[in-house]
Amino acid sequence: YSNNYAYIHSSAIDVIVENGVDLVNTTYNITFNANGGLFSDQTSSKTVNVQSGVIPTMVNPTREGYDFIGWNETITPATGNNTYTAQWIANVFYISFDANGGTFNDGNTKRVVKTTYSQKPVVDEPTKKNYIFKGWEPEVVVATSETTYKAIWEEAVFHDVTFNADGGTFSNGKEELVVETAEGTIPSVETPFKDGYVFVGW
């Protein structure tokens, strides 16, 4: 006794009941789902058993190419079995493309494309007078880091391709049109006109 109060050692307490729940003897399973990531022991899910009213704790998981931004809900004192799911945001990379003597459709010689992790960057093909675009060096792959790609060019061999309007005419009023075309490419030509007829192809 002290100051008219009696004290009992906690080891002697078997039951604490609050709102009908035994806070001492009731426990709950709380699961943490890494949602595509891994915990330090390389598992994708971990379950802890905690007493009622206790806030569960867990080391944050990791995921290649992503930043962990928390759990799908705020972790609160346990009042029942529950599952928390990791939330992620993909890393962003700036991928550079060098036209290597050519230009893109906006006239620039370089292009930077903002790309998220595991996505493949997309860019328009550059052009270079008297050359044929053959691709990029190195080969474009999904983004996992900051990367620079350089255009590959092959000097073009040109051929004259003649189109005959077969009784029709082109915009210059002539029946034939010669188009200088790089070897290995498809020639581009305007549609001819013939009075009383509909052009259906070559």
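## A tour from a nonpolar patch to a buried phenylalanine

Begin by selecting Val92, Tyr94 and Val112, which together make a nonpolar surface patch of about 260 Å². In this context, patches are made of residues with over 30% relative accessible area and no salt bridge, with like charges joined within 9 Å and nonpolar side chains (Val, Leu, Ile, Met, Phe, Trp, Tyr) joined within 5 Å. The accessible areas come from the Shrake-Rupley method with a 1.4 Å probe, and for residues only the protein chains shown count as cover.

Before going further, note that this is a predicted model, in which local features need pLDDT of at least 70 and side-chain atom pairs count only at pLDDT 80 or more, while totals for chains, interfaces and linings use all residues. Residues are numbered from 1 along each chain as its sequence is written, and side-chain values use heavy atoms, with hydrogens and water left out.

**The whole chain**

Switch to a cartoon view of the protein, which has zero helices and 12 strands; here helices (H or I, at least four residues) and strands (E, at least two) are DSSP runs, numbered from the N terminus. Colour by burial next, and 26% of the 202 residues of the protein count as buried, where buried means under 20% relative accessible area, exposed means over 50%, and partly exposed lies in between (1.4 Å probe, protein chains only). With the surface displayed, the protein exposes about 13,900 Å², of which carbon and sulfur atoms supply 48%. If contacts are drawn (heavy atoms within 4.5 Å), residues 24 or more positions apart account for 43% of those in the protein with a separation of 6 or more.

**Strand β8 and its salt bridges**

Return to Val112 of the patch, which has its place in strand β8 (residues 110-116) and is exposed, with a relative accessible area of 53%. From there, select the charged side chains, bearing in mind that a salt bridge is a side-chain nitrogen of Lys or Arg within 4 Å of a carboxyl oxygen of Asp or Glu; a search of the whole structure finds four of them.

One of these joins the side chains of Asp98 and Lys110, at 3.2 Å from N to O. This pair links distant parts of the chain, since Asp98 is in strand β7 (residues 92-98) and Lys110 is in strand β8, 12 residues apart. The two partners sit at opposite ends of the burial scale used here: Asp98 is buried, with a relative accessible area of 18%, whereas Lys110 is exposed, with a relative accessible area of 53%.

Select Arg111 next, which is also found in strand β8. The side chains of Arg111 and Asp124 meet in a salt bridge of 2.6 Å, N to O, and this pair too links distant parts of the chain, with Asp124 in the loop between β8 and β9 (131-137), 13 residues from Arg111. Arg111 is buried, with a relative accessible area of 18%, and Asp124 counts as partly exposed at 23% relative accessibility. Adding Asp106 to the selection completes a network of salt bridges that links Asp106, Arg111 and Asp124. The side chains of Arg111 and Asp106 are also joined by a polar contact of 3.2 Å, a term for a pair of N or O atoms within 3.5 Å; within protein, one must be able to donate a hydrogen and the other to accept it, and residues adjacent in sequence count only if both atoms are side-chain atoms. Not counting residues up to four places away in sequence, Arg111 touches several others, among them Ile95, Phe97, Phe104 and Val123.

**Asp41, Lys46 and Phe32**

Move now to Asp41 and Lys46, whose side chains meet in a salt bridge of 2.8 Å, N to O. Asp41 is partly exposed, with a relative accessible area of 39%, and Lys46 is partly exposed as well, with a relative accessible area of 26%.

Lys46 leads to Phe32, since the contacts of Phe32, leaving aside neighbours within four places in sequence, include Lys46 along with Phe39, Trp71, Ile75 and Tyr84. Phe32 lies in strand β3 (residues 27-33) and is buried, with a relative accessible area of 0%. Ser45 is another residue to select here, as the C-alpha atoms of Phe32 and Ser45, 13 residues apart along the chain, are separated by 5.6 Å.

**Last stop: Thr181**

Finish at Thr181, which has its place in strand β12 (residues 176-182) and counts as buried at 8% relative accessibility. A polar atom of the Thr181 side chain lies 3.3 Å from the backbone oxygen of Val179. Leaving aside neighbours within four places in sequence, Thr181 is in contact with Val157, Phe158, His159, Val161, Ile186 and Pro187.
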